[in-house]
Amino acid sequence: MEKLQNMISEKSVVIFSKNSCCMSHTIKTLFIDFGVNPTIYELDEINRGKEIEQALAQLGCTPTVPVVFIGGQLVGGANQVMSLHLNRSLLPMLKRVGAIWL
C-alpha cells in the first residue's frame with residue numbers, strides 16, 4: 001500500500017491502466033487530448049502489477065482499471081471521470097493541480 005501511495009503522489013495526474021482494456025484507452029486518450037501529460041501505469045506490463053491491482057481493489061476501486069488520481073486524490077474509474085467531464089468539473093480540477101494551463 002505504501003508503494004501505491006508513492007506512485008499516486010508522484011505526479012498531478014496518475015492513471016492505472018491495462019493495455020487490454022478499451023475503457024483504459026478511452027480515459028488515457030481523453031486526458032492526452034486535454035494536453036495533460038499523465039503518469040500511466042500499465043498493470044499488465046509492469047513488475048508487481050497484480051499486487052498494485054490488489055491494492056487498488058482494497059481502496060474500493062472496482063473495476064481496478066482504469067483508475068484515475070488527480071492531485072493525489074482518487075477520482076475513480078471511467079464512469080466517474082466521464083461524469084466529471086460531462087458536468088464540466090474535470091477541466092477546473094486539472095487546472096487546480098497544475099496539469100493544464102488553459
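## The sheet

The centrepiece here is an open sheet of four strands, ordered β2-β1-β3-β4 with mixed pairing; two strands count as paired if DSSP finds at least two bridges between them. At the edges sit β2 (39–42) and β4 (73–76), each pairing on one side only. From one strand to the next, the twist averages 20°. Strand β1 (residues 13–17) runs parallel to β2, with four bridges between them, and Val-14 has Thr-39 of β2 as its bridge partner.

A quick word on what you're looking at: this is a predicted model, where local features need pLDDT of at least 70, side-chain atom pairs count only at pLDDT 80 or more, and totals for chains, interfaces and linings use all residues. Numbering starts from 1 along each chain as its sequence is written, and side-chain values use heavy atoms, with hydrogens and water left out. Helices (H or I, at least four residues) and strands (E, at least two) are DSSP runs, numbered from the N terminus.

## Helices on the sheet

Helix α2 (residues 22–33) lies across β1, β2 and β3 (67–70), running at about 160° to β1. Such angles run from 0 to 180 degrees between N-to-C directions, with axes fitted to C-alpha atoms, for helices over the stretch in contact.

Over in α1 (residues 2–9), Leu-4, Met-7 and Ile-8 are buried, meaning under 20% relative accessible area, against over 50% for exposed and partly exposed in between (1.4 Å probe, protein chains only). Looking down the α1 axis, these buried residues fall within an arc of 100°, so they line one face of the helix; the arc is taken from the directions from the helix axis to the C-beta atoms. Glu-2 and Ser-9, both exposed, are on the face turned away from that buried side.

## Two cores

The largest nonpolar core (buried Ala, Val, Leu, Ile, Met, Phe, Trp, Tyr and Cys joined through side-chain atoms within 4.5 Å) has 18 residues, and Phe-31, Ile-70, Leu-90 and Leu-94 touch the most other members. Elements giving it two or more residues are β1, α2, β3, α4 (78–86) and α5 (90–96). Apart from it lies another core of 15 residues, including Leu-43 and Ile-52.

## An aromatic cluster

Ring pairs link Phe-16, Tyr-41 and Phe-69 into a cluster; rings of Phe, Tyr and Trp (its six-membered ring) pair if their centres lie within 6.5 Å, with planes under 30 degrees apart counted as stacked, over 60 as edge-to-face and the rest as tilted. Phe-16 is buried, at 0% relative accessible area. The rings of Phe-16 and Phe-69 have centres 5.9 Å apart and planes at 85°, so this pair is edge-to-face.

How values were computed. Contact = heavy atoms within 4.5 Å.
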